[in-house]
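Dear colleague,

I am passing on a structure that I have been going through, and I would be glad if you could look at it alongside these notes. My findings follow below the model.

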Amino acid sequence: MSSPGRIPMKTTDDLAKWRDGHFNIDLQTEDTIKKIMATIGMKIGDSVKDIVRAMVVVERKKKYGSHRFCGFCTLYKPDRTHHCRICGKCTLRMDHHCPWLANCVGYANYKYFFLTIFYAFCLSSLMVVQMAPTILHIMSNIQSNHLFPVIIVYCLALLLTPLLLGFLVFHFYLAMNAMSTIEYREKKNSEDPYVQRRFEVAHLKFDRGYLNNLRDAFGPLYLLPIPYFNGINGTYLPIEPVAMSKKHKSLP
């Protein structure tokens with residue numbers, strides 16, 4: 001399986017951001033974001049959305065609201081990046097670590113993971129449909145035990161198909177709503193209201209509408225069933241990062 005996507009360290013700009021933590025965010029913008037994240041129930045207006053989407057990094061640490069830093073990799077984390085203790089590295093937009101693939105599922109290989117589930121579902125569904133007449137014939141004319149393995153295989157396919165369908169629908173829902181499994185379980189549905197609030201604010205940066213969210217996860221939609229897409233911007237850097245502009249200073 002391909003690389004899930006790692007923190008880029010190829011250019012001097014990458015080094016300045018992720019190694020040294022130079023994000024060029026002015027103090028007024030930083031204070032504004034911290035205040036919004038700490039105020040549960042505060043209405044989020046369009047001006048706040050503009051600020052969030054223009055920031056290099058939005059997500060903050062739980063306790064002090066500082067930028068997230070990985071002590072294992074000694075790097076600052078881009079938004080949606082998490083450290084995998086099994087792989088020993090930080091993964092861009094980490095969804096989960098898959099023990100069956102012995103690899104993390106992240107920004108650069110999420111489509112391949114999704115297609116693995118999709119093709120497995122198609123295969124198991126085909127087996128269930130195509131083998132049904134044969135199984136009915138065997139069951140009505142069974143005379144020996146040597147056909148039991150065929151019945152067992154069919155029962156496994158019958159059991160696996162709805163499980164794969166549920167998994168497929170769940171991950172399609174996540175991709176459509178710009179969420180990872182980690183974000184869905186640990187942030188959106190967290191029992192801590194402040195964790196939910198931080199996710200609500202940070203999610204403004206990633207959520208671009210259903211179609212754009214699907215394109216972000218899978219590439220061009222006409223290439224959806226084709227295993228080709230390595231991601232575009234796994235660090236979620238804005239195209240034109242800016243600090244607080246005049247139109248942003250009057251918040252709702």
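Let me begin with Ala102, which is found in the loop between strand E5 (96–98) and strand E6 (103–105), where helices (H or I, at least four residues) and strands (E, at least two) are DSSP runs, numbered from the N terminus. Phi of Ala102 is near 55 degrees, a positive value in a residue other than glycine, and Ala102 counts as exposed, at 62% relative accessibility; here buried means under 20% relative accessible area, exposed over 50%, and partly exposed in between (1.4 Å probe, protein chains only). As background, most residues other than glycine have a negative phi.

Before going further, please keep in mind that this is a predicted model, in which local features need pLDDT of at least 70 and side-chain atom pairs count only at pLDDT 80 or more, whereas totals for chains, interfaces and linings use all residues. Residues are numbered from 1 along each chain as its sequence is written, and side-chain values use heavy atoms, with hydrogens and water left out.

As to confidence, the mean pLDDT of the chain is 87, and 92% of its residues reach 70 or more, pLDDT being the predictor's confidence in each residue, from 0 to 100. Over residues 241–252, however, pLDDT stays under 50, and for these residues the model has 27 contacts beyond four places in sequence, a contact meaning heavy atoms within 4.5 Å. Where pLDDT is low, the predicted coordinates should not be read in detail.

A positive phi also appears at Ala178, again near 55 degrees and in a residue other than glycine. Ala178 lies in the loop between H5 and H6 and, at 8% relative accessibility, counts as buried. Ala178 is also one of the residues in contact with Asn213 once the neighbours of Asn213 within four places in sequence are left aside, the others being Ala175, Met176, Asn177, Phe206, Asp207 and Arg208. Asn213 itself has its place in helix H8 (residues 210–218) and is buried, with a relative accessible area of 3%.

Turning to the N-terminal part, Asp14, Lys17 and Trp18 are buried in helix H1 (residues 12–19). They cover an arc of only 80 degrees around the axis, which puts them on the same side of H1; the arc is that of the directions from the helix axis to the C-beta atoms. The buried residues of H1 pack against strand E2 (75–76). H1 is followed by Gly21, whose phi is positive, near 75 degrees. Further along, Asn24 is found in the loop between H1 and helix H2 (27–38) and counts as exposed at 72% relative accessibility, while its C-alpha atom is separated by 8.3 Å from that of Val56, 32 residues apart along the chain.

How many salt bridges does a search of the whole structure find? The search finds nine, a salt bridge being a side-chain nitrogen of Lys or Arg within 4 Å of a carboxyl oxygen of Asp or Glu. One of them joins Arg80 to Glu183, with the closest N and O atoms 2.8 Å apart. Arg80 lies in the loop between E2 and strand E3 (82–84) and Glu183 in helix H6 (residues 181–188), so the pair ties together parts that are 103 residues apart in sequence. Both partners count as buried, Arg80 at 2% relative accessibility and Glu183 at 1%.

Another salt bridge pairs Arg19 with Asp20, the closest N and O atoms being 3.0 Å apart; Arg19 is partly exposed, with a relative accessible area of 45%, and Asp20 is partly exposed at 32%. In helix H7 (residues 193–206), Arg197 and Glu200 are three residues apart and thus separated by about one helical turn, and their side chains meet in a salt bridge (3.3 Å, N to O). Arg197 is buried, with a relative accessible area of 3%, whereas Glu200 counts as partly exposed at 41%. In addition, salt bridges that share partners join Glu59, Arg68 and Lys187 into one network.

With kind regards
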